[in-house]
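User: I would like to learn how to read the surroundings of a ligand and the empty space inside a protein. Could we work through one structure together?

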Amino acid sequence: MPHSYETDGASIYRASFATIRAEADLARFTPEEEPVAVRMIHASGMVELAPRIRFAPGFAIHAREALMRGAPILCDARMVSEGITRARLPASNAVICTLRGPEVPGLATELGTTRSAAALELWRPYLQGAVVAIGNAPTALFHLLNMLEDPACPRPAAIIGCPVGFIGAAESKAALAADNPVPWCIVSGRPGGSAMTVAAINALAGPAE
Ligand SMILES: C/C1=C2N=C(/C=C3N=C(/C(C)=C4\N[C@@](C)([C@@H]5N=C1[C@](C)(CCC(=O)O)[C@H]5CC(=O)O)[C@@](C)(CC(=O)O)[C@@H]4CCC(=O)O)[C@@](C)(CC(=O)O)[C@@H]\3CCC(=O)O)C(C)(C)[C@@H]/2CCC(=O)O
């Protein structure tokens, strides 16, 4: 007997968002933050994620305005850059991931760090006013914070810092929230990942559902 299931994509999205709004505690989010949190929960399948999603004051407004102005989106991993829905971007924004640049392995050896962290050195020409999306590598987020300690380093408009894992993820996100270099969004603790980070960008880029 064939399985019966919902086949309409738009209906699936509608039902998902309605379920999240019925089950997750979203009361503390501002109207600008709420659609971002909903889409991050949607990408993770976990309404329990809500208390871990944290925004610096004004993050959602700053990030959305930057995207509207045409800011580039700087991604730590291809899983992030590939996931961004180009049709939602308000200004045909450039989506940049430098991880596979031919110079990156050598740079990583020279700097004594991971390729994910070294690749951020290639962000410098694009960093001013950009929207940063770090969804995989804790070392990338730590490296960005170290770069931003230099007052001469260009400032992004907003940072989504949601690396995942057991080594450095919680610590790098706590450091971002504590250092407060520019408006940020984090998922506190070990959870995070490319999918949640992409979801945050896709929410900021397009209309609220
Ligand atoms: C230690 C690393 C971690 N990776 C994690 C989780 C995932 N990574 C995937 C993939 C395919 C990639 N991870 C790399 C970024 C690679 N991962 C690392 C590094 C060794 C170090 C980064 C760090 O610690 O900050 C990193 C390599 C590097 O030198 O920077 C990747 C580039 C490896 C590669 O293929 O060469 C690659 C990213 C490719 C891309 O998208 O461009 C996973 C899919 C794992 C898998 O294949 O099984 C998964 C994706 C998670 C996600 O949602 O993004 C961790 C858990 C983040 C981990 C760091 C923390 C830890 O606790 O270990």
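**Ligand and cavity**

Analyst: A polar contact is a pair of N or O atoms within 3.5 Å. In this predicted model, the side chain of R115 places an N or O atom 2.8 Å from an oxygen atom of the ligand. A polar side-chain atom of S116 lies 2.5 Å from a ligand oxygen, and for the side chain of S194 the distance is 2.5 Å. Residues are numbered from 1 along each chain as written, and side-chain values use heavy atoms, without hydrogens or water. Local features need pLDDT of at least 70 and side-chain atom pairs 80 or more, whereas totals for chains, interfaces and linings use all residues.

User: How many residues surround the ligand, and which are the closest?

Analyst: A residue is near if one of its heavy atoms lies within 4 Å. Here 18 residues surround the ligand, with R78, S116, T139, F166 and S194 the closest. The shell divides into eight nonpolar, eight polar and two charged residues (Ala, Val, Leu, Ile, Met, Phe, Trp, Tyr, Cys and Pro are nonpolar; Asp, Glu, Lys and Arg charged; the others, Gly among them, polar).

User: Where is empty space left, and which residues line the largest cavity?

Analyst: Rolling a probe the size of a water molecule over the atoms shows where empty space is left. A cavity is a set of points on a 1 Å grid over the protein atoms alone where a 1.4 Å probe fits but cannot get out; lining residues have an atom within 4 Å of a point. The structure holds one cavity of 30 Å³ or more. The lining of the largest cavity includes F17, R21, R88 and E209.

Key
Polar contact = N/O pair within 3.5 Å; in protein donor to acceptor, adjacent residues only side chain to side chain. 1 Å grid on protein atoms, 1.4 Å probe; cavity = no way out; pocket = protein on both sides within 12 Å on 5 of 7 lines; lining within 4 Å. Points joined across faces, edges and corners; volume = space filled by probe spheres on them.
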